[in-house]
Amino acid sequence: MQQTRQEPLFSLGQLVATPGALAALEKAGQGPLDFLSRHVHGDWGDLCEEDRRENQFSLEKGFRILSSYKTNAGDKVWVITEGSRCHSTILLPDEY
């Protein structure tokens with residue numbers, strides 16, 4: 001099981017979401033904070049081990065951080081925080 005921290009690991013910056021991601025969250029009856037909270041505390045969701053290691057490296061070096069989650073309705077959403085930490089985006093994978 002993945003270890004998460006109580007304190008945020010990084011700043012999310014400005015929060016934005018694509019129309020597709022907002023529709024997926026509405027369909028699932030979930031809000032963006034469900035996923036943003038997991039993301040900022042180091043729960044990267046459904047990532048392979050290589051991507052998890054990349055996120056750890058990105059935390060240390062200030063690069064982009066990616067998380068992948070499934071909504072209650074089964075849709076996949078991504079959360080991406082830019083390396084500059086100026087903004088974080090919730091989007092569908094096909095919107096990347």
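1. Which residues of helix H2 (residues 32-40) are buried? In this predicted model, the buried positions of H2 are Phe35, Leu36, His39 and Val40. Seen down the axis of H2, these buried residues fall within an arc of 125°, so they line one face of the helix. Against that face pack strand S1 (14-17), helix H1 (19-28), strand S2 (65-70), strand S3 (76-81) and strand S4 (87-91). Just after H2 comes Gly42, whose phi is positive, at about 90°.

2. As for the overall fold, the protein has three helices and four strands, and, read along the sequence, these follow the pattern β-α-α-α-β-β-β. The C-alpha trace spans about 35 × 30 × 25 Å along its principal axes. The radius of gyration is 12 Å, which agrees with the value near 12 Å that a compact globule of 96 residues would have. Among contacts with a separation of 6 or more, 57% are accounted for by residues 24 or more positions apart.

3. Turning to burial and surface, buried residues make up 40% of the 96 residues. The protein exposes about 5,700 Å², and carbon and sulfur atoms supply 50% of that area. On the side of charge, there are 10 positive and 14 negative side chains, and the centres of the two sets lie 4 Å apart.

4. Helix H1 can be described in a similar way, beginning with its buried residues, which are Gly20, Ala21, Ala24, Leu25 and Ala28. They cover an arc of only 135° around the axis, which puts them on the same side of H1. The cover over these buried residues includes H2, S3 and S4, whereas on the other side of H1 the residues Pro19, Glu26 and Lys27 are exposed. Just after H1, Gly29 takes a positive phi of about 70°.

5. Is Thr71 buried or exposed? Thr71 belongs to the loop between S2 and S3, and Thr71 is buried, with a relative accessible area of 5%, where the cut-off for buried is under 20%. Leaving aside residues up to four places away in sequence, Thr71 touches Ala24, Leu25, Ala28, Gln30, Phe35 and Val77. Of these partners, Ala24, Leu25 and Ala28 are among the buried residues of H1, and Phe35 is one of the buried residues of H2.

6. Lys27, which is found in helix H1, is exposed, with a relative accessible area of 58%. Not counting residues up to four places away in sequence, Lys27 touches Ala73 and Asp75. Lys27 and Thr71 are 44 residues apart in sequence, yet their C-alpha atoms are 8.9 Å apart in space.

7. A last point concerns the backbone at Arg85, which lies in the loop between S3 and S4. Most residues other than glycine have a negative phi. Arg85, although it is not a glycine, has a positive phi of about 60°, and a reader may wish to look at this position in the model. Arg85 is also buried, with a relative accessible area of 15%.

Key
Residues numbered from 1 in each chain as written. Predicted model: local features only at pLDDT ≥ 70, side-chain atom pairs only at ≥ 80, totals over all residues. Heavy atoms only, no water. Helix = DSSP H or I, 4+ residues; strand = E, 2+ residues; numbered from the N terminus. Rg over C-alpha atoms; globule rule 2.2 N^0.38 Å. Buried < 20%, exposed > 50% of the residue type's maximum accessible area, 1.4 Å probe, protein only. Contact = heavy atoms within 4.5 Å. Areas by Shrake-Rupley, 256 points an atom, 1.4 Å probe, with all protein chains shown as cover. Lys, Arg positive; Asp, Glu negative; His and termini not counted. Charge placed at Lys NZ, Arg CZ, Asp CG, Glu CD. Arc of directions from axis to C-beta.
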